[in-house]
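Please look through the structure below with the sequence beside it, and follow the paragraphs with the two chains in view.

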Amino acid sequence: MKLVTYEYTEANRFLNPHSYMYTHYLGVDFLQAYVNDRSKNIKFFKSTKHDGKVNEIDKYFYSAAKFILEEGTNPLAYDIKKYEEYLRSLSQMTEISTVKLLESLIHIQLSKKVRFNTKSLIDFLVQRFEVTKKIHENYHSKELRYGSGDNTIVRLYWLFSLLLSLFYAETKNIKYLNTLLKVNDLLCSLNHSLLVNLPSRGVEFILKNEVRNIIKIENNMENSTIVFK
Amino acid sequence: MYLNNIGMIAADTSRSKYYLEELINNQLIPKYILILLGSNNELLPGQKESKTENDLIGLLDNAGIKYNIASNNNINSDEVIKVIDERAEKVFIFSGFGGVLLKNNILDIGKKFLHIHGGYLPDYKGSTTNYYSLIDKNIMGASAIFLTKKIDSGPIILRKKFSSPVDRTKIDYDYDSEIRAKVLIECLQNYQNSSHWDFELENNEGGETFYIIHPVLKHMAILSSRELN
């Protein structure tokens, strides 16, 4: 019998993006192959020494997201007014910085006090990533369709993954878990030396959270079989 | 019986074959059929397998139905648009290659393109939506619309919900085509009976836009027999 493998993290997905079109059904073993692959990556990221220069704000995002996703509240106070104002001013801009957009959206998601409608902006990022499998440094024109600048900034993909994790936790809309799986496939497909500038345990955390969500859904199946070690 | 004002654009896919078999069985033959052939060596999206003898052409030849073969397989090419533009038929059943969208230059020629979307509109727009609706609600759907510039947002002529198939591994190439064909036939029969297009829901706004389902979620949708989310 042919061994079922998880091909989606096998090749560098910056260089070889996967279209995910008409993927073949490989049976129940495929789900275990996915969990095994994520488990392998989680163990690797756990043991990786993060000696690069990590952004202070990313350390905060990691800690605050951990509180939100594991305990449901964020005790780490942060003044988010300027981020809210930034998001409100986007419609007047012809070019937006993706990092500013992602940081602002994550701040809003982490704050339970603000009632800013983030869905349309998150949907914009989801659409751009799903169509191109890239996240560009900037987006411009009125429709924000056109990406420019570097599209291999690993931090942007990690921030996007974190944002999707938070938004899926809030909405339980499978659409966001779907994109999260693809972004995390990409992160796992990269040479791990490219991820040392992310917070220590930051990648491990988003992968663990994703697998927990998949297992939660899988547990609703009549014949739940996958084992996560 | 020929559908006098209706033509068909049929890409060489298993779905087009399914449509044509049902159209022939129900004696609803488009007045004009334009076939978009895939190249011999390349498997285009929606094609189940490459063939040396063409199933679609064989089907039409056996039924004694005339057809034309497009000079290339690109529905948006000037050559193909010219052929469609010069035809007398005002409405074309559109069964293209998966993932290929009609661009403005063809949507602007004044013809209507009848498309059967695999999903219940307006709730499930975009790609592979039946897997999402299986996970969410354990149902599938198909909706007949006239294509507009906004994806899956044209006026809804007819939409139906379907129960999930017993063998979910056959969704992509069989069951999805089968339910779409059912909606197509009913839609055309209604038109034949009334000589005009009635709309079930003209305002097809709102809903959620989904993107190609990740194989992990697809496997869970196939392996389960109830809603999971």
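Leu163(A), once its neighbours within four places in sequence are left aside, is in contact with five residues of its own chain: Leu102(A), Leu105(A), Ile106(A), Gln109(A) and Ile122(A). In this model, which is predicted, Leu163(A) and Phe160(A) are the residues with the most contacts inside the largest nonpolar core, a set of 121 residues. The element that gives the most to this core is helix α6 of chain A, residues 154-171, with 11 residues.

Following chain A onward from that helix, one reaches Lys172(A), which is found in the loop between α6 and α7 (174-189) of chain A. Although Lys172(A) is not a glycine, it has a positive phi of about 60 degrees. Is Lys172(A) buried or exposed? The answer lies in between, because 14 other C-beta atoms within 10 Å make Lys172(A) partly exposed, whereas 20 or more would be needed for a residue to be buried and 12 or fewer for it to be exposed. Another residue of chain A with a positive phi that is not a glycine is Tyr22(A), where the angle is about 45 degrees. Tyr22(A) lies in the segment before α1 (29-47) of chain A, and with 16 other C-beta atoms within 10 Å it is partly exposed.

Further along chain A, in the segment after α8 (202-218), is the place of Glu222(A). This residue is exposed, because there are 8 other C-beta atoms within 10 Å. Glu222(A) and Tyr176(A) are 46 residues apart along the chain, and their C-alpha atoms are separated by 24 Å. Which residues is Glu222(A) in contact with, leaving aside its neighbours within four places in sequence? They are Ser224(B) and Ser225(B), both written with the letter of the other chain.

These contacts lead to the place where the chains meet, at which 26 residues of chain B are in contact with 23 residues of chain A. On the side of chain B that touches chain A, at least two residues each are supplied by α5 (129-137), β9 (208-210) and α7 (215-223) of chain B, and α7(B) gives the most, with 8 residues. Sorted by class, this side of chain B has 14 nonpolar, 8 polar and 4 charged residues.

Turning to chain B as a whole, its secondary structure comes to 7 helices and 9 strands. The radius of gyration of chain B is 17 Å, close to the 17 Å that the globule rule gives for 229 residues, so this chain is as compact as a globular protein of that length. Its C-alpha trace spans about 50 × 40 × 35 Å along the principal axes, and 45% of the 229 residues of chain B count as buried. Among the contacts in chain B with a separation of 6 or more, 75% are accounted for by residues 24 or more positions apart.

Within chain B, 7 strands form an open sheet with mixed pairing, and their order is β3-β2-β1-β4-β5-β7-β8. At the edges of the sheet stand β3 (68-69) and β8 of chain B, and since each has a single partner strand, one side of each is left without a neighbour in the sheet. As a general point, strands of a sheet pair through backbone hydrogen bonds, either parallel or antiparallel.

Strand β7 of chain B, which runs over residues 139-146, is a good place to see such pairing, and it is mostly covered, with 6 of its 8 residues buried. With strand β5 (residues 112-117) of chain B, β7(B) pairs in the antiparallel sense over 4 bridges. Along this pairing, Leu114(B) stands opposite Phe146(B) in β7(B), while the bridge partner of Ile116(B) in β7(B) is Ala144(B). With strand β8 (residues 156-163) of chain B, β7(B) also pairs in the antiparallel sense, here over 7 bridges, and Ile145(B) has Ile156(B) in β8(B) as its bridge partner.

One last feature of chain B is found in the loop between β5 and β6 (124-126), where Pro122(B) lies. The peptide bond that leads from Leu121(B) to Pro122(B) is cis, with omega near 0 degrees.

Methods: Residues numbered from 1 in each chain as written. Chains lettered and ligands numbered in written order. Predicted model: local features only at pLDDT ≥ 70, side-chain atom pairs only at ≥ 80, totals over all residues. Pairing = 2+ DSSP bridges. Core = buried A, V, L, I, M, F, W, Y, C linked by C-beta atoms within 7 Å. Contact = placed C-beta atoms within 7 Å. Rg over C-alpha atoms; globule rule 2.2 N^0.38 Å. Nonpolar A, V, L, I, M, F, W, Y, C, P; charged D, E, K, R; others polar.
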